[in-house]
Amino acid sequence: MAKSKKEIISIQSVSKIYNLGETVVKALDNVSLSIYDNDYISIMGPSGSGKSTLMNIIGCLDVPTKGKYKFKDELISEMDDNQLANIRNEKIGFVFQTFNLLPKLNAMQNVEVPLIYSSLGRKERIERAEEALHIVGLQDRMTHKPNELSGGQRQRVAIARALVNKPSIILADEPTGNLDSKSGNEILKFFAKLHKDGNTIIMVTHEESVAKLSKRRIDIFDGKIARDE
Amino acid sequence: MEKLLEMNNFFKNIIIGLFSVRSNLTRVILTASGLTIGIFTVSIVSAAVSSIDKEFAKSMDYYGNDKVYVGTWPWSFDFDWWKYRNRPKIEESSLEYITQYSEYITDVSIKKNTWTRATYGNKASWVQLNGVYPSYQDMLSGTKIENGRFFSQNEWDLQRRVIIVGGTVRDGFFQGKDPIGKKIRLNNVTFEIIGELKKQGIGMVPGGTLDNLVIMPSTTFERILTRWGFDELVLQTSPEDIPLAKEEVGMIMRVARKIPPGDDDNFAVNSADAYMEQFNTMKNAIAGMGFLVTGISLVVSAIGIMNVMFVSVRERTREIGLRKAMGATNFNILTQFLSEAVAIAIIGGSVGIALIRLTVFGLASFPIPNFNGATLPISFDLLLVFYTFTVCVFIGVLAGLIPARTAANLNPIDALRDE
């Protein structure tokens, strides 16, 4: 592991506790973790292990119950909803298992969604969205609606959407889970390329073969990090 | 600059809201139609009330704001016929007492009323007949002699068969040509037209239009038509003296009729303002009912919009989660859904306004049959558009607030997981 690299994310003794009526669930139990610039991490673990909770906290969709989470120099664990929304908008690109494209918008408009919540003007938004679609090789499909695209193409639109704001990290939750193996491999190759271009990628996956392609692997078990290498 | 950027964001969210309105157009139109009906009825009610008001005021001119009338019955909408039916007729002789003793009454006339059949050649029509003194010429209100002249004292003394006619007679009998000097028959007696009254248009009060009126000397009236009709005393005063004059005339009438103290009056002293008051009560009742009903329909349509907005939030939970993950703040989502609700309301309202415009236009272009070319008194006001717009925005915000807040406060993780 390249320790000399710049630290982007610092998670210190983070716990997440859910109160479900009488039972108390410790989804994350005293987890500490550092993520560096240009990391390519896969997070693995059985369901209920806490990997989704960890993803949500890294993705600033949720805040920890205990512990500190620093993103670059900003203390995420103390932020309110609006500050979190801004961090998500500027620093994080999400790729979901089910693509989560808006069905009534075309590829271009879908890629534009994160830019709408930034302060960019219309012209710049269009330029950026076109650029992102170029990167994923869908420059010919800009006006297609999601239902006119294949699964692999849809996921590429979603990746373009994640890239469009030039985020510090890309968070991918089972990005190949809904794809056939051929399209899945294409997407993974693409992630490898993004990594090579200097992007930081964090990916949650079930599949051993997918995890193997990453440079760093973190196993979660019962809310604790069981392996990090 | 910061503020400007925020404004920019605000409008972007509105556009997102409008976009989703466009993509659910059928549902939006169905929901908005509730508001269309509400806005339509509320406007029709207010237009009708204000038009009735105008027409009524015009009709009230006929009675004048400077006159006191003494008759058998009070002018009232809640008329207790049984109480008044045995009252004695109004005697012309009472006028002598009034002229002699009253301080406030400056001029008097009898007004004998009846309806009769008027004929000219093979044409016939029912007209209202008034038999009056020559002094009545100065007491005409709401109209004036436009053509020809009033009858003279001499003609009154000699019981001449001369008449002054309202505007309908010209159109009905003479195809719009000058009727002066023509002879028509009233109750089979020939009369000469010597004067014509200014045409007034449709009125609201029974007997309150002057267009169908024929005026003649009361002496002539008595000689030819004495068996019919009822008499009224018309007393001239000034507008500010009306209350005192009414009181005074009441006392003089009691003396003239020798009514013992403690007994009820067996006559009624009337004036237009009292009529107006009664009318206002009735008008307010109509308006109250109208606005209550339309108020309910507006509330119902607000509930309809709220319901659709809840459905919209429910359907688009994942979208909300996604937008939040992409950096939308709670306020962004709130604005998006609020503008959607307001847009639905405005669509409904605009269709309502269009319908009103069409209705007013339609009513104005089709004269009411048998009303001499008059149209239903209803008008369209630009202010109405402004009010409707305001009401729609208000209803949209009201109906959208709770669903939009629900959407804004969704947890992005749960929202994204929604199936």
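These are my notebook entries on the strands, the chain contact and the salt bridges of this structure.

**Entry 1: before looking**

I remind myself that this is a predicted model.

**Entry 2: the four-stranded sheet of chain A**

I began with an open sheet of four strands in chain A, whose order is β2-β1-β4-β5. Its pairing is antiparallel. Which strands stand at the edges? I found β2 (23-36) and β5 (74-75) of chain A there, each pairing on one side only.

Next I went through the sheet pair by pair. Strand β1 (residues 7-20) of chain A is joined to β2(A) by 10 bridges, and the two run antiparallel. To see where they meet, I picked A:Ile11 and found A:Leu33 of β2(A) opposite.

I then turned to strand β4 (residues 66-71) of chain A, which five bridges join to β1(A), again in the antiparallel sense. Here A:Ser15 stands opposite A:Lys66 of β4(A).

The next pair is β4(A) with β5(A), antiparallel over two bridges. A:Lys70 has A:Leu75 in β5(A) as its bridge partner. I also looked at how the chain gets from β4(A) to β5(A): the two form a hairpin with two residues between them. In that turn, A:Lys72 has a positive phi of about 50 degrees.

A reminder to myself on strands in general: they pair in a sheet through backbone hydrogen bonds, either parallel or antiparallel.

**Entry 3: the six-stranded sheet of chain A**

Chain A also has an open sheet of six strands, and I noted the order as β6-β7-β8-β3-β9-β10. The pairing in this sheet is mixed. Why is one side of β6 (92-95) and of β10 (224-228) of chain A left without a neighbour in the sheet? Both strands stand at the edges and have a single partner strand each, so nothing in the sheet lies along their other side. From one strand to the next, I noted a twist that averages 20 degrees.

For a parallel pair I chose strand β3 (residues 40-44) and strand β9 (residues 216-221) of chain A, which pair over four bridges. A:Ile41 has A:Arg216 in β9(A) as its bridge partner.

**Entry 4: where chain B meets chain A**

I moved on to the contact between the chains, which takes 26 residues from chain B and 25 residues from chain A. Together the two chains bury about 2200 Å², with 59% of that area on carbon and sulfur atoms. How many salt bridges cross the interface of chain B and chain A? The rule finds zero. What it does find there is five residue pairs in polar contact, both residues being at pLDDT 80 or more.

I then asked which helices of chain B supply the side that touches chain A. At least two residues each come from α1 (2-23), α10 (317-325), α11 (330-365) and α13 (412-417) of chain B. The most comes from α1(B), which gives eight residues. Sorted by class, this side of chain B has 10 nonpolar, 10 polar and six charged residues.

**Entry 5: salt bridges**

Over all chains, the count comes to 27 salt bridges. I looked up one of them, between B:Glu91 and B:Arg257, where the closest N and O atoms are 3.2 Å apart. This pair links distant parts of the chain, 166 residues apart. B:Glu91 lies in the loop between α3 (81-84) and α4 (94-101) of chain B, while B:Arg257 is in helix α8 (residues 242-257) of chain B.

Key. Residues numbered from 1 in each chain as written. Chains lettered and ligands numbered in written order. Predicted model: local features only at pLDDT ≥ 70, side-chain atom pairs only at ≥ 80, totals over all residues. Heavy atoms only, no water. Pairing = 2+ DSSP bridges. Contact = heavy atoms within 4.5 Å. Buried area = accessible area lost by both parts, 1.4 Å probe. Salt bridge = Lys/Arg side-chain N within 4 Å of Asp/Glu carboxyl O. Polar contact = N/O pair within 3.5 Å; in protein donor to acceptor, adjacent residues only side chain to side chain. Nonpolar A, V, L, I, M, F, W, Y, C, P; charged D, E, K, R; others polar. Axes fitted to C-alpha atoms, helices over the stretch in contact; angles between N-to-C directions.
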